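Here are some notes to read alongside the model, for someone opening it for the first time. Take them in order, or jump to whichever point catches your eye.

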Amino acid sequence: MEKVNVNQKFSLFSEHWSPKIVGELNGQHVKLAKLKGEFVWHKHDEEDELFFVVKGSFKMEYRDRTVEVSENEFLIVPKGVEHKPVAEEEVWVMLFEPSSTLNTGNTENEMTKKDLDWL
């Protein structure tokens with residue numbers, strides 16, 4: 001039952017597209033990630049994902065539209081919806097998703113992170 005300082009946790013890593021776990025509740029992970037550039041098209045067949053922007057902004061591309069998400073805003077991507085995050089500048093996001101969620105969903109490649117670090 002310790003509090004977590006999000007900015008302090010973000011200061012512990014610099015790599016992009018490599019989520020870090022900072023909490024767990026009810027089978028959900030709270031993750032922090034730094035995004036920059038383009039990710040891969042993917043979907044999660046069984047899990048919704050929540051992206052909360054702590055610092056900066058990014059675009060969530062869908063096959064039929066693009067949504068910009070700015071600081072202090074969040075976006076929920078429903079399960080089964082193909083999406084691709086794109087960040088022109090570095091953005092810090094907090095993710096809420098089931099602990100079973102793979103960052104690249106149904107797509108496995110060099111960006112896939114199977115064993116996430118705890119901070």
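1. Let's begin with a ring: which residue lies over the face of W92? In this predicted model, that residue is K55, at 4.3 Å from the ring centre. W92 also belongs to an aromatic cluster, together with F10 and F13.

2. Another ring with a charge over it is that of W41. Here the charged end of R63 does the job, sitting 3.8 Å from the ring centre.

3. A word on the annotation. An unreviewed UniProt entry lists residues 36–90 as "domain: Cupin type-2". Look at that stretch in the model and you'll find 56% strand and 0% helix. The C-alpha atoms at its two ends are 5 Å apart.

4. Now for the inside. The largest nonpolar core has 17 residues, and the members that touch the most others are L35, F58, M60, V91 and V93. Two or more residues each come from β2 (28–38), β3 (49–55), β4 (57–61), β6 (74–77) and β7 (84–98). Strand β7 gives the largest share, four residues. There is also a second, separate core of eight residues, with V22, V30, L32 and W92 among them. So keep W92 in mind: the residue with K55 over its face is part of that second core.

5. V91 is a good place to zoom in. Setting aside residues up to four places away in sequence, V91 touches A33, K34 and L35, then V53, K55, G56, S57 and F58. Two of the names there, L35 and F58, are listed with V91 among the best-connected members of the largest core.

6. Next, H83. You'll find H83 in the loop between β6 and β7, and its relative accessibility of 0% makes it count as buried. A polar atom of the H83 side chain lies 2.9 Å from the backbone oxygen of V81. Beyond its sequence neighbours up to four places away, H83 touches V40, W41, H42, K43, H44, E49, M60, E61, Y62 and V77.

7. Is K84 buried or exposed? This lysine of strand β7 is buried, with a relative accessible area of 10%. Its side chain makes a polar contact of 2.8 Å with the side chain of E38. Leaving out neighbours within four places in sequence, K84 is in contact with E38, F39, V40, W41, K59, M60 and E61.

8. Back to the aromatics: the model has four aromatic pairs. One of them is W17 with F39, a stacked pair with 4.7 Å from centre to centre and 20 degrees between the planes. W17 is in the loop between α1 (6–10) and β1 (20–25), while F39 is in the loop between β2 and β3, so the pair ties together parts that are 22 residues apart in sequence. W17 counts as buried, at 9% relative accessibility, and F39 has a value of 9% and counts as buried too.

9. Last, a backbone check. Most residues other than glycine have a negative phi. W17 has a positive value, near 60 degrees. N72, also not a glycine, has a positive phi of about 70 degrees. N72 is found in the loop between β5 (66–70) and β6, and it is exposed, with a relative accessible area of 60%.

Note on methods. Residues numbered from 1 in each chain as written. Predicted model: local features only at pLDDT ≥ 70, side-chain atom pairs only at ≥ 80, totals over all residues. Heavy atoms only, no water. UniProt positions renumbered as here; feature names shortened; annotations may be inferred. Core = buried A, V, L, I, M, F, W, Y, C linked by side-chain atoms within 4.5 Å. Buried < 20%, exposed > 50% of the residue type's maximum accessible area, 1.4 Å probe, protein only. Contact = heavy atoms within 4.5 Å. Polar contact = N/O pair within 3.5 Å; in protein donor to acceptor, adjacent residues only side chain to side chain. Phe/Tyr/Trp six-rings, centres within 6.5 Å; stacked < 30°, edge-to-face > 60°. Lys NZ or Arg CZ within 6 Å of the ring centre and 35° of its normal.
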